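Please keep the viewer open and follow the selections in the order given. Each stop names what to pick and then describes what is found there.

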Amino acid sequence: MSLRITRRCRVVVDNDWAGDPDGLVALAHHLLSPANRVDAVTSSHLNPVFGPPEGTAGRGARFAEELVDVVDGPRPAVAAGCDVLLDAGDTRSAAADLIVAEARRDDPLPLFLVCAGPLTNVAQALRQAPEIASRLTLVWVGGALDPAAFEYNRETDAGAAREVLARTDLAVSQFPLETYRRCEYSVAELEQDLGGAGRVGAWLWQRYVELPIPDFVEQGETWPLGDTPPLLLTALSDATSAWTETASAPGGASRRVYVDVDVRLLVADLHAKLRRHERQAVGAPGRV
């Protein structure tokens, strides 16, 4: 028997699912968290440094759909975004359409648009329907406190990042490079804690094993779970984290930048939910 959990919000999760598997780990965490209702999942493109971006948004959407099948719970809509930068071609997509549709839908629960990749799909959705900015909060894993630092999610589509963050009517909670890198995890622990945590964990660990890491990347013994911090806003609690908060402009929407996160809470909750899911799956009728 479990405690009754009150649902806090609804979520659209946008990420480059064909890239770093930590995004899929975060998606599994969202899907396994009863306090946030995942209504939609959208896929963005990869940075060209990892090869031609054509088809990467579609491949990412297929990974997301496969994970939804493995979790075997509520089934959010999944849609692929475009494979080009915001200002480099036609960025209209099913992903942008889905973001707009979810933002326009009347629902008593607040909407969080969680993006842990380039902001291409988000920028396109806001271009199509500027009025949705006031109907959601963007939670972005990206950018950096150090203006000279390279940050992957921002640089993958720098134009989209500039356009989205320039809006004064959009509430934003940001987890910059210096903060999400605090979620460092050892590869040995990943293998043990994911690979040994039932069907969902094993599927996630396999994405790490099969990831085509380019030769120029020097892989050490750690890997950051940098896409998980938004769970502190959507499903858990940010009471033990730290942030700074300002208004984007006089009279504008709030901007919150997280400077520290409760990594213990994030990691312990993920492991507990993976194990609980496996226990429930094994105990379900017809499952062995």
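## Helix α1 and its two partners

Begin by selecting helix α1 (residues 22-31) together with helix α2 (residues 56-71), whose axes come within 11 Å and cross at roughly 40°. An angle of roughly 40° places the two helices outside the range under 35 degrees that counts as roughly parallel, and α1 and α2 are therefore oblique to each other. The crossing of this pair, α1 with α2, is right-handed. Bear in mind throughout that the model on the screen is predicted.

Now show the side chains at this crossing: from α1 take L24, L27, A28 and L31, which meet F63, A64, L67, V68 and V71 of α2. Coloured by residue class, the contact of α1 with α2 comes out as nine nonpolar residues, with no polar and no charged ones.

Keep α1 selected and add helix α9 (residues 198-210), where the axes of α1 and α9 come within 9 Å and cross at roughly 165°. That angle makes α1 roughly antiparallel to α9, and the crossing is again to be described as right-handed. On the α1 side the residues to display are D22, L24, V25 and A28, and they meet V200, W203, L204, R207 and Y208 in α9. By class, the contact of α1 with α9 holds seven nonpolar residues, no polar ones and two charged ones.

## The annotated region

Next, select residues 11-227, which an unreviewed UniProt entry annotates as the domain "Inosine/uridine-preferring nucleoside hydrolase". Over this range the chain is 39% helix and 18% strand, and the C-alpha atoms at its two ends are 15 Å apart.

## Helix α6

Move to helix α6 (residues 158-165) and pick out G159, A160, A161 and V164, which are buried. What do the buried residues of α6 pack against? Adding the surrounding elements to the selection shows α4 (120-128), β5 (137-141), α5 (152-156) and β10 (254-260) as the partners of these buried residues.

## Two buried loop residues

Select A116, which lies in the loop between β4 (111-115) and α4. Is A116 buried or exposed? With a relative accessible area of 4%, A116 is buried, since the cut-off for that class is under 20%. Leaving aside neighbours within four places in sequence, A116 is in contact with D14, N15, D16, V141, N153 and D227. A distance line drawn from the C-alpha atom of A116 to that of I132, 16 residues away along the chain, should read 19 Å.

Then go to T91, in the loop between β3 (77-80) and α3 (94-104). T91 also counts as buried, at 4% relative accessibility. When residues up to four places away in sequence are not counted, T91 touches C82, V84, L85, L86, T120 and Q124.

## R8, before the first strand

Finish at R8, in the segment before β1 (9-15). R8 has a relative accessible area of 37% and is partly exposed, a class that lies between the limits of 20% and 50%. The C-alpha atoms of R8 and N36 are separated by 5.8 Å, although these residues are 28 residues apart along the chain. To complete the view, display the residues that R8 touches beyond four places in sequence, namely A35, L109, P110, L232, L233, T234, A235, L236 and S237.

Methods. Residues numbered from 1 in each chain as written. Predicted model: local features only at pLDDT ≥ 70, side-chain atom pairs only at ≥ 80, totals over all residues. Heavy atoms only, no water. UniProt positions renumbered as here; feature names shortened; annotations may be inferred. Helix = DSSP H or I, 4+ residues; strand = E, 2+ residues; numbered from the N terminus. Buried < 20%, exposed > 50% of the residue type's maximum accessible area, 1.4 Å probe, protein only. Contact = heavy atoms within 4.5 Å. Axes fitted to C-alpha atoms, helices over the stretch in contact; angles between N-to-C directions. Parallel < 35°, antiparallel > 145°, perpendicular 65-115°, else oblique. Left-handed = near helix turned anticlockwise from the far one by under 90°. Nonpolar A, V, L, I, M, F, W, Y, C, P; charged D, E, K, R; others polar.
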